There are 2 protein chains.
Amino acid sequence: MEISSKLLEKAVAEMSQLPGIGKRTALRLVLHLLRQPVSQTDSLAQALQELRTRIRHCRECHNISDSDLCEICNSSRRDRSLVCVVEDIRDVMAIENTGHFRGLYHVLGGKISPMEGVGPQDLTIASLVEKVRGGEVRELIFALSATMEGDTTNFYIYRQLEGLPVTLSTIARGVPVGDELEYADEVTLGRSILQRIPFEGSLNR
Amino acid sequence: MEISSKLLEKAVAEMSQLPGIGKRTALRLVLHLLRQPVSQTDSLAQALQELRTRIRHCRECHNISDSDLCEICNSSRRDRSLVCVVEDIRDVMAIENTGHFRGLYHVLGGKISPMEGVGPQDLTIASLVEKVRGGEVRELIFALSATMEGDTTNFYIYRQLEGLPVTLSTIARGVPVGDELEYADEVTLGRSILQRIPFEGSLNR
């Protein structure tokens with residue numbers, strides 16, 4: 001698509017660097033901004049720049065945070081003996097949204113993946129081991145994705161923690177609540193049978 | 001979705017004001033920016049702000065432009081006696097991309113739509129009539145969308161121009177090149193039969 005204005009072309013080019021935004025979508029977004037008051041573009045630009053320059057990572061859990069210690073780690077109402085290990089901050093949000101977890105998190109920043117050149121030293125594993133050595137953590141819940149890389153990462157951390165007085169657990173895998181059995185994939189259904197749990201009548205909260 | 005960081009929340013809220021960008025997509029885009037160098041966010045923000053504050057509208061055709069007169073109106077290689085009337089600047093780009101039009105454009109900025117409160121005075125119709133009165137325009141091609149609003153707008157302009165020495169035409173409607181007849185909608189197919197043209201053997205350029 002040929003764009004006659006250099007200013008427009010530049011804005012579209014920058015916008016289309018975002019993932020999933022092609023040139024056509026970028027053009028639509030930028031033309032939308034042109035129809036809105038200048039203030040909207042200003043506040044968008046400012047919000048992005050402020051975020052990018054002022055955001056920090058929590059020194060405890062490595063979640064992104066406005067300050068040195070994130071709200072979750074700073075809260076007196078969270079169970080400090082329970083730590084959930086996740087890949088990235090979106091997982092933190094997802095688990096927080098369930099309202100079923102009152103412990104702390106530890107954000108690894110990815111998973112071990114030799115294919116993508118991500119080794120243990122690229123993740124916050126050392127800091128996790130350190131935290132467990134501190135002795136306050138009673139249970140570590142692995143909530144990494146159920147892939148080869150996720151399993152490798154779990155196993156690597158498990159080896160690092162050997163001998164330390166901490167219980168390790170992993171989130172349950174199984175058929176999603178509300179799903180029909182016939183549509184579940186075989187691996188998931190197989191796991192949910194092997195890892196069946198005692199029937200107690202009132203599982204749904 | 002609960003977001004713990006105020007900075008992140010602000011950025012996501014601003015981003016999700018864009019059309020077609022929901023909160024989840026906005027979060028994905030913003031987190032992507034966080035993983036990229038600061039410079040990328042800076043140049044995106046700057047490009048948007050520069051565009052929004054420095055862009056002008058061409059005083060002749062009302063297309064957006066970096067200067068007072070757009071490249072098309074400024075070009076000595078365009079036929080000034082032929083003016084194509086379009087709704088917005090995306091239509092200009094679409095027609096330019098065909099490479100089949102060497103005249104000038106006139107961007108109305110929308111179409112008459114009482115339902116949406118858009119009247120003739122909200123569009124650049126007066127400036128178009130002025131231009132035709134100037135006497136340089138020999139033919140006006142209507143390229144508005146084939147909807148009730150488009151037809152109303154065409155008719156309104158036609159009435160305004162009555163008595164002026166200008167030929168009016170409208171772009172051809174019909175079955176798209178390469179499409180199977182059986183998949184064409186009835187209205188389009190009907191029009192393409194009623195408005196059939198002499199067969200000359202070499203229509204495809």
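In this predicted model, strand β5 of chain B, made up of residues 139–142, is joined by 4 bridges to β6(B), and the two strands run parallel. One of the pairings can be followed at the level of residues, since B:Ile141 has B:Ser169 as its bridge partner in β6(B).

These two strands belong to an open sheet of 4 strands in chain B, where the order is β4-β3-β5-β6 and the pairing is parallel. The edges of the sheet are occupied by β4 (103–107) and β6 (167–170) of chain B, each of which has a single partner strand, so that one side of each is left without a neighbour in the sheet. On average, and with direction ignored, neighbouring strands of this sheet are turned by 25° against each other.

Two helices of chain B are described against this sheet. Helix α5 packs on the sheet and touches β3 (79–86) and β4 of chain B, while helix α6 lies across β3, β4 and β5 of chain B. The table gives their directions relative to β4(B).

| Helix of chain B | Residues | Angle with β4(B) |
|---|---|---|
| α5(B) | residues 89–98 | about 160° |
| α6(B) | residues 125–133 | about 150° |

The contact between the chains comes next. In the predicted model, 51 residues of chain B are in contact with 51 residues of chain A, and the area buried between chain B and chain A is about 5200 Å², with 68% of that area given by carbon and sulfur atoms. Which kinds of polar pairing does the rule find across the interface of chain B and chain A? It finds 0 salt bridges there, whereas 16 residue pairs, both members at pLDDT 80 or more, are in polar contact. On the side of chain B that touches chain A, the elements that give two or more residues are α1 (6–15), α2 (23–35), α3 (38–54) and α5 of chain B. The largest share of that side, 15 residues, comes from α3(B). Helix α5(B), which packs on the sheet, is thus also listed among the elements giving two or more residues to the side that touches chain A.

How are the two chains related in space? Chain B can be laid on chain A with an RMSD of 0.2 Å by a turn of 179° and a shift of 0.0 Å along the axis, which is the relation of a two-fold axis. Within chain B, the C-alpha nearest this axis belongs to B:Ala45 and is 2.2 Å from it. The same surface serves both copies, as 100% of the contact residues of chain B recur in chain A.

Notes. Residues numbered from 1 in each chain as written. Chains lettered and ligands numbered in written order. Predicted model: local features only at pLDDT ≥ 70, side-chain atom pairs only at ≥ 80, totals over all residues. Heavy atoms only, no water. Least-squares fit on C-alpha atoms with pLDDT ≥ 70 in both. Contact = heavy atoms within 4.5 Å. Pairing = 2+ DSSP bridges. Axes fitted to C-alpha atoms, helices over the stretch in contact; angles between N-to-C directions. Buried area = accessible area lost by both parts, 1.4 Å probe. Salt bridge = Lys/Arg side-chain N within 4 Å of Asp/Glu carboxyl O. Polar contact = N/O pair within 3.5 Å; in protein donor to acceptor, adjacent residues only side chain to side chain.
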